[in-house]
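Subject: Structure handover and findings

Hello,

Here is the structure I said I would pass on. My notes on it follow below.

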Amino acid sequence: ADVEESSKPLFAGLSDISISEDIPVEGDISVPIGSQNADNDLSTLDEPVKDTIMRDLRAVGQKFVHVMYPKKSSALLRDWDLWGPLLLCVTLALMLQGGSADSEEDGRPQFAEVFVIIWFGSVIITLNSKLLGGTISFFQSLCVLGYCILPLTVAMIVCRIVLLGSSGGISFAVRLIVVTASFGWSTFASTAFLADSQPANRKALVVYPVFLFYFVIGWMILTFSPSR
Amino acid sequence: MARSDFQFQFQEFDDATTVTIDDPVKSRNQRSAETGFLEDETDNVTLNGDDKTEFLSDQRKSAPFWTFEYYQMLFDVDSHQVKNRIVGSVLPWPGKNFVEVYLRSKPDLYGPFWICATLVFAIAISGNMSSFLKHQGQPEYKYVPDFRKVTMAATAIYSYAWLVPLALWCFLTWRNRKTTSLVSYSFLQIVCVYGYSLSIYIPAVILWIIPSEGLRWCSIVVALCLSGSVLVMTFWPATRDDKPRITIAVMTSIVILHVLLAVGCKVRLETLCVINYCVHSLAVRH
């Protein structure tokens with residue numbers, strides 16, 4: 001028996017062993033509750049409301065900075081939030097909507113139409129990139145597309161200021177330049193974040209819908225004419 | 001021991017790797033024509049082994065249509081493939097069937113969907129711009145971007161791109177039961193052909209901005225001829241074995257629907273422009 005045991009590999013005969021005596025097993029099982037976790041939970045409940053709001057606002061502002069100077073950083077993707085896109089979308093839709101004082105034939109897009117276009121368009125583009133095999137998650141993509149509307153919102157504000165002055169040919173040229181520049185900026189910023197998550201031979205297929213999306217929004221901004 | 005293991009292995013069939021370009025379309029689509037619409041995912045051809053041959057690589061893993069993976073298979077295209085398909089739908093080459101050469105039993109939905117979306121926005125934008133340029137300088141005309149054009153154009157184009165292939169597929173399947181045709185197409189392939197054939201209209205519609213009636217009609221006619229001939233050449237093999245009357249009826253109805261779409265869009269947009277202008281001038285005078 002001893003010769004057999006030595007020729008077999010180690011622990012081979014372990015299954016044959018039966019425990020006849022009680023081997024005392026004792027110890028202490030406890031989940032270590034990290035003291036810093038408890039402190040964090042308590043601290044965010046007890047902190048003043050101003051701190052909570054400022055923290056979120058600072059996160060949103062940081063992402064705005066990332067959009068304005070697009071580098072290949074993953075901060076936008078890691079901590080996604082939808083506050084920024086909501087803020088930008090509401091601002092843009094408020095500025096683009098047709099006033100109710102005008103006649104019904106005024107074909108300017110209503111608030112709901114702009115809102116729906118932006119969110120529906122973002123959802124469709126996200127679905128498209130996921131169907132093509134992208135590794136980015138649904139809400140991360142929505143977050144990126146929403147934040148990259150920031151240059152176009154800035155262009156809308158500039159256009160409105162320019163239209164306060166005059167609405168002739170020169171203002172049209174200025175608005176055209178501003179909107180074109182911001183459209184290019186938006187597309188470039190969003191592709192800088194989105195393109196990495198796609199397989200290499202499909203990048204063009206993913207970038208084109210983003211291009212179309214910002215083109216349509218830019219078109220709506222450019223053709224905005226103020227109500228009399 | 002080794003011999004009994006060998007007997008249970010799948011044996012490669014030599015003729016599976018020597019298929020011609022027509023045979024896979026034939027055999028797969030004949031089966032698919034018999035089993036109906038959702039045949040793509042239940043088409044378990046019992047071939048495995050070497051995936052490098054193109055025929056075998058077209059065999060997708062089957063997935064039920066309510067899962068995400070089924071739709072992912074429909075978007076399984078690369079950039080250069082989409083580019084080739086668009087070019088192939090614009091330049092009709094006699095003898096080259098679009099389905100056989102470009103689709104090769106791998107139809108995609110990326111092309112049809114985004115070409116239709118681009119066409120919708122192109123129509124809306126060029127319609128707005130052409131009406132703006134036509135009425136420029138007239139003081140009563142206040143330029144407003146007409147948003148209703150987008151919804152109208154979207155309805156027209158998407159229903160054309162989906163309902164006409166559905167009707168055509170139903171008709172072809174019904175005729176296939178009566179006559180033994182060698183070539184039959186699945187629903188997704190017909191949707192794909194129609195979607196890509198609309199791609200020539202995008203540059204034609206952009207040319208509408210130039211306010212020259214002759215140029216507009218010219219661009220529409222050229223686009224019609226090109227995409228119409230691609231459609232006719234694609235569906236000719238599917239109907240040529242039928243009675244000549246049926247064949248001619250199908251071909252002419254395809255062409256007529258295509259013409260109606262192009263002319264209808266153009267006329268509708270111009271009517272809307274005129275109506276807008278009249279209403280605006282009336283409103284301003286009050």
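In chain A, helices α8(A) and α10(A) are roughly parallel to each other, since the angle between them falls under the 35 degrees used as the limit for that term. Please keep in mind that this is a predicted model. The angle in question is about 10°, and the two axes are 10 Å apart. Helix α8 covers residues 150-165 of chain A, and helix α10 covers residues 203-222.

On the α8(A) side, the contact is made by A:Leu152, A:Met156 and A:Cys159. On the α10(A) side, A:Tyr214, A:Ile217, A:Gly218 and A:Ile221 take part. Sorted by type, the residues of this contact are six nonpolar and one polar, with no charged residue.

Chain A as a whole

Chain A has 10 helices and zero strands, so read from the N terminus its elements are α throughout: α-α-α-α-α-α-α-α-α-α. It has 228 residues, of which 39% are buried. Among the contacts in chain A with a separation of 6 or more, 73% join residues 24 or more positions apart.

A:Gln140

A:Gln140 lies in helix α7 of chain A, which spans residues 138-147. A polar atom of the A:Gln140 side chain lies 3.2 Å from the backbone nitrogen of A:Ser137. Setting aside residues up to four places away in sequence, A:Gln140 touches A:Leu77 and A:Trp80.

The nonpolar core

In soluble globular proteins, nonpolar side chains tend to be buried together. The largest nonpolar core in this model has 100 residues. Which residues have the most contacts inside it? They are A:Tyr214, B:Tyr194, B:Leu198 and B:Phe235. A:Tyr214 is also one of the α10(A) residues in the contact with α8(A).

B:Tyr194 is in contact with B:Phe235, another residue on that list. Its other contacts, leaving aside neighbours within four places in sequence, are B:Tyr160, B:Val164, B:Pro165, B:Leu168, B:Leu231 and B:Ile254.

B:Pro237

B:Pro237 is found in helix α11 of chain B, residues 213-239. Is B:Pro237 buried or exposed? Its relative accessible area is 12%, and because buried means under 20%, B:Pro237 counts as buried. B:Pro237 and B:Ser184 are 53 residues apart in sequence, and their C-alpha atoms are 8.5 Å apart in space.

Regards

Definitions and conventions
Residues numbered from 1 in each chain as written. Chains lettered and ligands numbered in written order. Predicted model: local features only at pLDDT ≥ 70, side-chain atom pairs only at ≥ 80, totals over all residues. Heavy atoms only, no water. Axes fitted to C-alpha atoms, helices over the stretch in contact; angles between N-to-C directions. Helix = DSSP H or I, 4+ residues; strand = E, 2+ residues; numbered from the N terminus. Parallel < 35°, antiparallel > 145°, perpendicular 65-115°, else oblique. Contact = heavy atoms within 4.5 Å. Nonpolar A, V, L, I, M, F, W, Y, C, P; charged D, E, K, R; others polar. Polar contact = N/O pair within 3.5 Å; in protein donor to acceptor, adjacent residues only side chain to side chain. Core = buried A, V, L, I, M, F, W, Y, C linked by side-chain atoms within 4.5 Å. Buried < 20%, exposed > 50% of the residue type's maximum accessible area, 1.4 Å probe, protein only.
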